[in-house]
Structures are given as C-alpha cells and as structure tokens.
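Reader: I have a chain open in my viewer and would like to talk it through before I set anything up. Could you walk me through what the model shows?

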Amino acid sequence: MNPSSTDLSEDYSAKAGSELAEGVPIASRDLVIEAMRTVYDPEIPVNIYDMGLILELEISEKGNVIIGMTLT
C-alpha cells in the first residue's frame, strides 16, 4: 500500500492506568484541560489544547477520560 493512501479514519486508542477505586474523586474537566495545556506540539511552541487539536473530551463516572483529537 502506498503510504500516501493510508486510511486515516481507523479508530486508534491509547490506554494507561486503571479505573479509580470507589470513593476516589475524578478529575474535573478544568483539570484535564490544564493537563493538556502542558503538552506541546514538538515543532510549534503552542500546546495541543490552545492550538485547537482537541475535538472531544469526555470524563466517565469511573474516571476514564476520552479525548478525541486531530493531528497537525
């Protein structure tokens, strides 16, 4: 397959950690956004959140965070 014709619509996911124990508070939306603002594009000195790369942010009742983003 030609690299330029790669289907970028495939579903990719990354997972780390585990669900929080019962009674442990989950991170707020603001805290997750604050954390994303510490992640910078390697070629541009702008963080991924302020650059507008984050398309979706969901936090489940168990503390799982789902982030949908686009790439530069």
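Author: What follows goes through confidence, layout, the core, the helix and a few loop residues in turn. Please keep in mind throughout that this is a predicted model.

Reader: Good, then confidence comes before anything else; what is the mean pLDDT of the chain?

Author: The mean pLDDT is 81, and 79% of the residues reach 70 or more. Among the elements, α1 has the highest mean, 95, while strand β2, residues 65-69, has the lowest, 91. Over residues 1-10, on the other hand, the pLDDT is below 50, and beyond near neighbours in sequence that stretch has one contact in the model. Where pLDDT is low, the predicted coordinates should not be read in detail.

Reader: Noted. Which elements are there, and in what order do they run?

Author: The chain holds one helix and two strands, and from the N terminus on they run α-β-β. Of its 72 residues, 14% count as buried. As for how contacts are spread along the sequence, among those between residues at least 6 apart, 32% join residues at least 24 apart.

Reader: So which residues make up the largest nonpolar core?

Author: That core has seven residues, namely Val32, Ile33, Met36, Ile48, Leu53, Ile54 and Leu57. The elements giving two or more residues to this core are α1 and β1, and α1 gives the most, with three. As background, nonpolar side chains in soluble globular proteins tend to be buried together.

Reader: Staying with the core for a moment, what is Ile54 in contact with, leaving aside its neighbours within four places in sequence?

Author: With those neighbours set aside, Ile54 is in contact with Met36, Ile48, Tyr49, Ile67, Gly68 and Met69. Ile67, one of these partners, has its place in strand β2, and the C-alpha atoms of Ile67 and Ile54 are separated by 7.0 Å although the two are 13 residues apart along the chain. Seen from the other end, and not counting residues up to four places away, Ile67 touches Met36, Ile54, Glu56 and Leu57.

Reader: Ile67 is not on your core list, though; why is that, and is it buried or exposed?

Author: Ile67 is partly exposed, with a relative accessible area of 37%. Buried means under 20% and a nonpolar core is a set of buried residues, so at 37% Ile67 does not qualify.

Reader: That makes sense. Turning to the helix, which residues of α1 are buried, and how are they arranged?

Author: The buried residues of α1 are Val32, Ile33 and Met36. Seen down the helix axis, they fall within an arc of 100°, so they line one face of α1. An α-helix has 3.6 residues a turn, so residues three or four places apart point the same way. What covers the buried residues of α1 includes β1 and β2, whereas the face turned away from the buried side carries the exposed residues Asp30 and Glu34.

Reader: Electrostatics next: how many salt bridges does a search of the whole structure find?

Author: The search finds one. Asp50 pairs with Arg37, and their closest N and O atoms are 3.0 Å apart. The two are 13 residues apart, and both lie in the loop between α1 (29-36) and β1 (54-59). Asp50 is partly exposed at 47% relative accessible area, and Arg37 is partly exposed as well, at 36%.

Reader: Does that loop hold anything else I should look at, and where does Asn47 lie?

Author: Asn47 also lies in the loop between α1 and β1, and at 7% relative accessibility Asn47 counts as buried. Its side chain reaches the backbone nitrogen of Asp50 at 2.7 Å. Leaving aside neighbours within four places in sequence, Asn47 is in contact with Met36, Arg37, Val39 and Tyr40, so Asn47 touches one partner of the salt bridge and its side chain reaches the other.

Reader: One last item, then: what about Asn64, and what is Asn64 in contact with?

Author: Asn64 is found in the loop between β1 and β2 and is partly exposed, with a relative accessible area of 35%. Setting aside neighbours within four places in sequence, Asn64 is in contact with Glu19, Glu58 and Ile59. Asn64 and Ala16 are 48 residues apart in sequence and 9.7 Å apart in space, C-alpha to C-alpha.

Key:
Residues numbered from 1 in each chain as written. Predicted model: local features only at pLDDT ≥ 70, side-chain atom pairs only at ≥ 80, totals over all residues. Heavy atoms only, no water. Salt bridge = Lys/Arg side-chain N within 4 Å of Asp/Glu carboxyl O. Helix = DSSP H or I, 4+ residues; strand = E, 2+ residues; numbered from the N terminus. Buried < 20%, exposed > 50% of the residue type's maximum accessible area, 1.4 Å probe, protein only. pLDDT = per-residue confidence, 0-100. Contact = heavy atoms within 4.5 Å. Core = buried A, V, L, I, M, F, W, Y, C linked by side-chain atoms within 4.5 Å. Polar contact = N/O pair within 3.5 Å; in protein donor to acceptor, adjacent residues only side chain to side chain. Arc of directions from axis to C-beta.
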